[in-house]
Amino acid sequence: MALNEYLRNKQKTIYTLVAIVTIPAFVLIWGGSGSAMREGGSDRLLMQIDGEKVTQHEFESFRDRLRAASGGLGYYQTQYMDPSVFLLRNQGIDLNLGTIALARAYLNAAKASGIRVSKKEMGTYVRRQLPVFAGIKDEKDFQKSYKGYLKDRQITADQFMQGVQEFLMIQRFLKLLDGDTLPMQDAAYANYAVEKATCTYQRLTVNVTDKMKADARQEFIKETPEQSEITLRQYYDKNRENRRYWTQQKWILEYVMAPLSSFQPLVPSDADLEKYYNSHKSKYKDQAFAEAKPQVQNDMMDEARLEIAKRMIEEEVDVFINKTISAKGENGRVELADFDADADMKRFKIKTGVTGEQLMTVAEIEKLPEIGASEEMISYLKYMENMAQENVDKEVAINKAGFRRMFECKTGVFRLRVKDFTPARPRDLASADGKPDKELLEMLQSDIIRDRAIDFARKEAETWRAKVLQNDPDAIKELKTETSSYEQLPIALQETPKDEAALVDQTNEGGSITGVDIYVMRSRDIPSLQDFQNAGPERERNQMIQARMTRGAMFPDYRGGGWMIKTGANLYAWTKSMFEQKKIAILVDMSKKEE
């Protein structure tokens, strides 16, 4: 198929998508476009739940049904309190796999317990409780939203309703065992209350002064060389996990790219331009459609190029990868030369490249043309620098196995494969021949002096705190009264009782500690349930969505996301016994995926 023909075939659907979609409809739990999972084969066994073998295809179908049924923005957002997370981690189970495995176990147990859900109950949940539809009373509006939701989720009505049934059955089983789910109406009010709550407090700041720094430096200098060596070594041993004291990760990366310059979309129709304009009015400020039309056309065509490039990767490049691997046999591996030699890849103007023959740091990769300008990729690599080494090893193994993750840059869309990698590791204070690492020693000395100065500030803050709690007139006179929203308060202050004090480190934009704040909580102004109900149905619907999607920290007994589970003793014991009896087993090591 010629490139122009490919573009023509995709043109209408792409412009329709670009015109009306302002945020991605979903984000795959595995990252990228999901081809990494597809490459392993849909019949691969992933897990066994109480004797039931679950293949990759069954896992993905179940996961997608729960995503849609729970209304999660992008993925099935079930997060458990620490005890259950500990169970998963203690078993060495990937949390993405583990949470779905637990949900599957709960569903099987619900069926075995005779738990049933009627069609009426399912309909009530969809129309009145699922945030995306809550508050929609007009039947035509509901049908339009319903069809659009199923389309966005890429799921049929039967699959969606099956997911709703499973979701409600799991909820009932959790309640049966003394676990619990937070009713969405309560979650919505709690979300509203936290968003609107304000607190009045008093504050006094003890800054890290130049004198404190000078005293700390003098204290260190007074130490004998032997004492200084012990101090440095003890400090380094205590802070060995601080990545500032490590060598940097280094990479050689290969990539396969669909360049944006290869695609020249047809000019969109006026109808599509107007749809796009109406969906992005804030982008064009006060400009009328006629005035903004040239810019709208440019923006829409740019987005169309990007969408075409993504589809080119998913529908042509990924297919070529799988076909090439199959042709090469069990241990086959696709090479950059395979792309360069293929007539279809040439016709689609697919580019290949490598970051170089030498290992490079992220800072060096960032300076490269094309992929170095990919903010997504650079953020991903930087994130890897702060991951636990075990997780880094798994992620590198996955990305060495094949072209897994997809990223965007200014010039195109590309998939990445790791050709070579050197992990970061703690630096040695001295080389094997006894030569000291002067840079590391100077860094440690500077940090020791800094920390001692901060300790001086904390001790002074503790003195002030004691005076404030004793209502010392001189201390009270130094306090400044302030009011802030609950959400903007330091976490340590959010739950501080009235008239109690909390010490909070004060930091600058770079995250360095510059002093210590003494906060005294004086009062909280929390909106009532009546205030929430008076806010109107649209506010209620929005808060229900936010409560399901983004909240969690506001509830002392709840953690995260769309389905907030409070783990009771019986639920914890039941889950633990499932692991101990090996009734929940993950059968695949995600760090050893085949290409």
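Is Arg333 buried, exposed or partly exposed, and what is its relative accessible area? In this predicted model, Arg333 has a relative accessible area of 30% and is therefore partly exposed. Its side chain meets that of Glu335 in a salt bridge, with an N to O distance of 3.4 Å. Glu335 is likewise assigned as partly exposed, at a relative accessible area of 32%. Elsewhere, Arg244, Asp447, Arg450 and Asp451 are joined into one network by salt bridges that share partners.

A search of the whole structure returned 37 salt bridges. Among them is the pair formed by the side chains of Glu139 and Arg127, for which the N to O distance is 3.2 Å. Glu139 belongs to helix α7 (residues 139-153) and Arg127 to helix α6 (residues 119-129), so this salt bridge ties together parts that are 12 residues apart in sequence. Both partners are partly exposed: the relative accessible area is 41% for Glu139 and 27% for Arg127. A further salt bridge links Asp237 with Arg240, whose closest N and O atoms are 3.2 Å apart. Asp237 counts as partly exposed at 43% relative accessibility, and Arg240 counts as partly exposed at 30%. In general, side chains of opposite charge can pair when their charged atoms come close.

The strands are considered next. Four strands form an open sheet in the order β7-β6-β9-β8, with antiparallel pairing. The edges are occupied by β7 (351-354) and β8 (406-409); each has a single partner strand, and one side of each is therefore left without a neighbour in the sheet. On average, neighbouring strands of this sheet are turned by 30° against each other, direction ignored. Strands β6 (residues 250-259) and β9 (residues 412-422) run antiparallel and are joined by 10 bridges. Met257 stands opposite Phe414 in β9.

Helix α13 (residues 289-328) lies across β6, β8 and β9, and runs at about 60° to β9. The helix contains 40 residues, which at 1.5 Å a residue should span 58 Å; the end C-alpha atoms of α13 are 54 Å apart, in agreement with this expectation. A bend of about 40° occurs in α13 at Gln295. Just after α13, Gly329 adopts a positive phi of about 100°.

Key
Residues are numbered from 1 along each chain as its sequence is written. This is a predicted model: local features need pLDDT of at least 70, side-chain atom pairs count only at pLDDT 80 or more; totals for chains, interfaces and linings use all residues. Side-chain values use heavy atoms; hydrogens and water are left out. Two strands pair if DSSP finds at least two bridges between them. Helices (H or I, at least four residues) and strands (E, at least two) are DSSP runs, numbered from the N terminus. Axes are lines fitted to C-alpha atoms, for helices over the stretch in contact, and angles run from 0 to 180 degrees between N-to-C directions. Contact means heavy atoms within 4.5 Å. The expected span of a helix is 1.5 Å times one less than its number of residues. The bend at a residue is the angle between axes fitted to the seven residues ending there and the seven starting there. A salt bridge is a side-chain nitrogen of Lys or Arg within 4 Å of a carboxyl oxygen of Asp or Glu. Buried means under 20% relative accessible area, exposed over 50%, partly exposed in between (1.4 Å probe, protein chains only).
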